Number of protein chains: 2
Amino acid sequence: MARKTKAEAQLTRQQIIDAARQTFVKRGVSRTTMEHIAETAGVTRGAVYWHFASKTDVFFAMRDQVALPLLDRISHTLLDEERGDPLSRIETYMQETMELLATDAVARQTYEIITSKCEYVYEFAGVRAQMMQCGHDMLAKLTAAYSRAKDKGLLRQGLEPAAMALDTFAFSFSLIHLWFADSEKKLIRTKCHDMIKAHISLRRL
Amino acid sequence: MARKTKAEAQLTRQQIIDAARQTFVKRGVSRTTMEHIAETAGVTRGAVYWHFASKTDVFFAMRDQVALPLLDRISHTLLDEERGDPLSRIETYMQETMELLATDAVARQTYEIITSKCEYVYEFAGVRAQMMQCGHDMLAKLTAAYSRAKDKGLLRQGLEPAAMALDTFAFSFSLIHLWFADSEKKLIRTKCHDMIKAHISLRRL
DNA sequence: TTATATACATACATTTCTGATTGTATATAA
DNA sequence: TTATATACAATCAGAAATGTATGTATATAA
């Protein structure tokens, strides 16, 4: 083997990330070794160590590829006034999120790793903190959306936007977790759509 | 060192479980070694291997000490008609669960390990399945409680017990997860009580 | 055209963890 | 009272993973 062009090297890098994602899903992050990743990617450990300093480094690269586009979608869907009334936008956001899990394999695998195939200790403790930061942002935008809904008279009487946002945030969080936990029984997966509709109509006037 | 009495051996066994729990919280299950557990328990690896075949074995022993009493509490609190009206019982159940996390260190650590310090692959994939089974039970009992509430005319018009149970189940699930994820910012922990109240009053007539 | 940096593969040294084996003092059963 | 099983400690061999060091062909810059 010899030296490759920059474009080819970038492709190798991406193959390593893809291989890592698959291996993380299958074996969990801890039990995945650099050798596993290399083997799945069809390269040697030398290549992996050339592109990434450590397994943790690969993990973060993988996460960023999914997490960064996600952040855009939150504000875009939740706050854009042209996308229907505020309550519908919240519902749409959640429906789209679950749709993403069903259709986008990369997003699905990455979410699955983050929710149940990695341990939040040491270097990974920070991942949790960052996710919580993202949660705060989403919470703020949910609160804004519920406030708009209240102004527009769409909310039932006596409902506090902040409290509703927290409840929806919690609901949305566990929809994703339960979606993965319930892979065999199909308890959640088939009912997702209706659960979201029920959740929103509970607060619509 | 020499042989100990049966009572002393049982104590050693419990010390090993306690040591494992602490170490799992600190280092995660994967990065915890038998040596770590032994050292924390003040024994050698010989003792750990005498009482348990593997680290996985220790994990399951630890989990059972918390999970088994938990199952009792679900049916007891949710279904016992003498404990107030159905909606209050659901609220009480959730409040008691969060109270447990705040006051019982053993329960708290075990929940923390299960939610964020272990990877659900291979032998541990079954743990997820069992938790889901437990979830199904809880869901059935929540549905029963909401049905009673509807019969008694406590529920708002047009609310389906099954749908409400799913929403509450999801809410309850993420309360626990977020409680741990939000350790620093205190976003969730301080608002837990109110979130539960808001969740229930959303469906009370 | 040539020197150099690049993109890996290969080989090696070291650490770490496990599981099995062996040793042993003593509780307990007979 | 004595034989045996128990409850560990201590030792050892082997596998596995990491990180580094080295080799090398070639893309690329000069």
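Here is a short walk through a predicted model, from the surface around a DNA strand to ring pairs and salt bridges inside the protein chains.

Let us begin at DNA strand D. There are 21 residues around this strand, and R3(A), R45(A), Y49(A), R3(B) and T44(B) come nearest. Sorted by class, the surface near DNA strand D has eight nonpolar, six polar and seven charged residues. Which part of the DNA faces the protein? Of the strand D atoms within 4 Å of the protein, 69% belong to sugar or phosphate, and the rest belong to bases.

Some individual contacts make this picture more concrete. On chain A, an N or O atom in the side chain of R3(A) is 2.5 Å from a base nitrogen of DNA strand D. R45(A) also reaches a base nitrogen of this strand, with a polar side-chain atom lying 2.5 Å away. On chain B, the side chain of H51(B) has an N or O atom 2.7 Å from a phosphate oxygen of DNA strand D. The elements giving two or more residues to this surface are helix 3 (45-51) of chain A, along with helix 1 (6-31) and helix 3 (45-51) of chain B. Helix 3 of chain B provides the largest share, four residues.

Now turn to the aromatic rings. A pair of rings is described by the distance of the centres and the angle of the planes. Searching the whole structure gives 10 aromatic pairs over all chains. In one of them, F59(A) meets F60(A) edge-to-face, with 5.7 Å between the centres and 90 degrees between the planes. F59(A) also pairs edge-to-face with F124(A), this time at 4.8 Å centre to centre and again at 90 degrees. Because F59(A) lies in helix 4 (residues 55-79) of chain A and F124(A) in the loop between helix 6 (105-116) and helix 7 (125-151), this pair ties together parts that are 65 residues apart in sequence.

Are these two rings buried or exposed? F59(A) has a relative accessible area of 0%, so it counts as buried. F124(A) is at 5% relative accessibility and therefore is buried too. Together with F24(A) and F60(A), these residues form one aromatic cluster.

Rings can also have a charge above them in this model. The charged end of R189(A) sits over the ring of W179(A), 3.7 Å from its centre. In chain B, R189(B) lies over the face of W179(B), at 3.7 Å from the ring centre.

Our last stop is the salt bridges. Side chains of opposite charge can pair when their charged atoms come close. The count here is 19 salt bridges over all chains. One of them joins R203(A) and D167(A), whose closest N and O atoms are 3.3 Å apart. R203(A) is in the segment after helix 9 (192-201) of chain A and D167(A) is in helix 8 (residues 161-181), 36 residues apart, and the pair links these distant parts of the chain. Both R203(A) and D167(A) are buried.

Chain B offers a local example: D18(B) and R21(B) meet in a salt bridge at 2.6 Å, N to O. Both lie in helix 1 of chain B, three residues apart, about one turn of the helix. D18(B) is partly exposed, with a relative accessible area of 25%, whereas R21(B) is buried at 5%.

Conventions:
Residues numbered from 1 in each chain as written. Chains lettered and ligands numbered in written order. Predicted model: local features only at pLDDT ≥ 70, side-chain atom pairs only at ≥ 80, totals over all residues. Heavy atoms only, no water. Phe/Tyr/Trp six-rings, centres within 6.5 Å; stacked < 30°, edge-to-face > 60°. Buried < 20%, exposed > 50% of the residue type's maximum accessible area, 1.4 Å probe, protein only. Lys NZ or Arg CZ within 6 Å of the ring centre and 35° of its normal. Near = heavy atom within 4 Å. Polar contact = N/O pair within 3.5 Å; in protein donor to acceptor, adjacent residues only side chain to side chain. Nonpolar A, V, L, I, M, F, W, Y, C, P; charged D, E, K, R; others polar. Salt bridge = Lys/Arg side-chain N within 4 Å of Asp/Glu carboxyl O.
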